[in-house]
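Here is a short tour for anyone meeting this structure for the first time. Have a look at the sequence and the 3D view, then read on.

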Amino acid sequence: MNVLNDATLKTVNSDGTKDSLSISMIARDISFAYQPIIHMETGATHGVESLMRGHERLGFADINDVFDTVFRLGNLVEFEALLLQRAVSEFLKAGLPDSTRLFFNLDPRTIGAMDHVLSIVGPVLERHGMDRKRLCLEINERVDLDPAGDTARQLTEVRAEGIRIALDD
């Protein structure tokens, strides 16, 4: 399934040269670090949070710049789907116990397209054979949720699918 409308953007390197990057290239070239989330009482690993790294290699000021650029191009849902696919694949290859969850950061601007997100998340998890209960979508607080929208309903639908939701600080 090709869910990507692959926009191209121009970047300026530190030496003044220009490069063209596509959304799929950015998703491919971003790397992940997996930060353990430890249960305070038992010391057991409850989950790992996928954290994006490598933005500077692509000419972005920070990770927020990556998401803001992709959002302006209208490709945020597709971009996050590509990132989720990689994060799930890498998470499962790590061979962690089935009780360990993957915490995946989701830009709140994606909430408005949550129906589309669900149509992507389900197949990604099915393709990799990952139980939906092992995924927690972390909604970051960098951008306000749409108070006029139906955010609560959309998040309830995601939870009804067995996917957990958390707020990231």
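## Starting with Glu138

In which strand is Glu138 found? Glu138 belongs to strand 6, which covers residues 135-140. Keep in mind as you look around that this is a predicted model.

What is missing for Glu138, buried as it is? Glu138 has no salt bridge. Arg101 is the nearest side chain of opposite charge, and Arg101 sits 11 Å away. A salt bridge needs a side-chain nitrogen of Lys or Arg within 4 Å of a carboxyl oxygen of Asp or Glu. Leaving out neighbours within four places in sequence, Glu138 still touches plenty: Glu49, Phe103, Phe104, Asn105, Leu106, Ala166, Leu167 and Asp168 are in contact with Glu138.

## Asn140, in that strand too

Strand 6 also holds Asn140. Is Asn140 buried or exposed? Asn140 is buried, because its relative accessible area is 19% and buried means under 20%. Setting aside neighbours within four places in sequence, Asn140 is in contact with Leu106, Asp107, Pro108 and Asp168. Leu106 and Asp168 turn up among the contacts of Glu138 and among those of Asn140.

## The chain as a whole

Now step back. How many helices and strands does the chain have? There are five helices and seven strands. Walking along the sequence, you meet them in the pattern β-β-α-β-β-α-α-β-α-β-α-β.

The chain has 169 residues, and 43% of them are buried. If you take the contacts with a separation of 6 or more, 66% of them are between residues 24 or more positions apart.

## The largest pocket

Time for the empty spaces. The largest pocket has a volume of about 340 Å³, and 20 residues line it. Which of these lie nearest its centre? They are Ile63, Phe67, Asn105, Asn140 and Asp168, so Asn140, buried at 19% relative accessible area, shows up here again.

Strand 4 (45-53), helix 2 (63-72), helix 3 (76-93) and strand 5 (101-106) are the elements that give two or more residues to this lining. Strand 4 supplies the largest share, with five residues. Sorted by class, the lining has eight nonpolar, four polar and eight charged residues.

## The largest cavity

How many cavities of 30 Å³ or more does the structure hold? The count is one. The largest cavity has about 70 Å³ of space. Its lining is made up of Val77, Glu80, Ala81, Leu84, Phe104, Leu106, Thr110, Val117, Ile120, Val121 and Leu137.

Helix 3, strand 5 and helix 4 (114-128) are the elements giving two or more residues to this lining. Helix 3 gives the most, with four residues. By class, the cavity lining has nine nonpolar residues, one polar and one charged. Phe104 and Leu106, two of the cavity-lining residues, are also among the contacts of Glu138.

## Salt bridges

Side chains of opposite charge can pair when their charged atoms come close. How many salt bridges are there here? The count comes to seven.

One of them joins Glu90 and Arg86, at 3.3 Å from N to O. These two are four residues apart in helix 3, which means about one helical turn separates them. Glu90 is partly exposed, with 29% relative accessibility, and Arg86 is partly exposed too, at 21%.

Another pairs Asp98 with Arg134, at 3.7 Å from N to O. Asp98 is in the loop between helix 3 and strand 5, while Arg134 is in the loop between helix 4 and strand 6, so their salt bridge ties together parts that are 36 residues apart in sequence. The two ends sit in opposite settings: Asp98 is exposed at 65% relative accessibility, whereas Arg134 is buried at 11%.

Arg132 and Glu126 make a salt bridge as well, with their closest N and O atoms 3.6 Å apart. Glu126 is exposed, with a relative accessibility of 59%. Finally, Asp68, Asp107 and Arg109 are linked in a network of salt bridges. Asp107 may ring a bell, as one of the residues in contact with Asn140.

How values were computed:
Residues numbered from 1 in each chain as written. Predicted model: local features only at pLDDT ≥ 70, side-chain atom pairs only at ≥ 80, totals over all residues. Heavy atoms only, no water. Buried < 20%, exposed > 50% of the residue type's maximum accessible area, 1.4 Å probe, protein only. Lys, Arg positive; Asp, Glu negative; His and termini not counted. Contact = heavy atoms within 4.5 Å. 1 Å grid on protein atoms, 1.4 Å probe; cavity = no way out; pocket = protein on both sides within 12 Å on 5 of 7 lines; lining within 4 Å. Points joined across faces, edges and corners; volume = space filled by probe spheres on them. Nonpolar A, V, L, I, M, F, W, Y, C, P; charged D, E, K, R; others polar.
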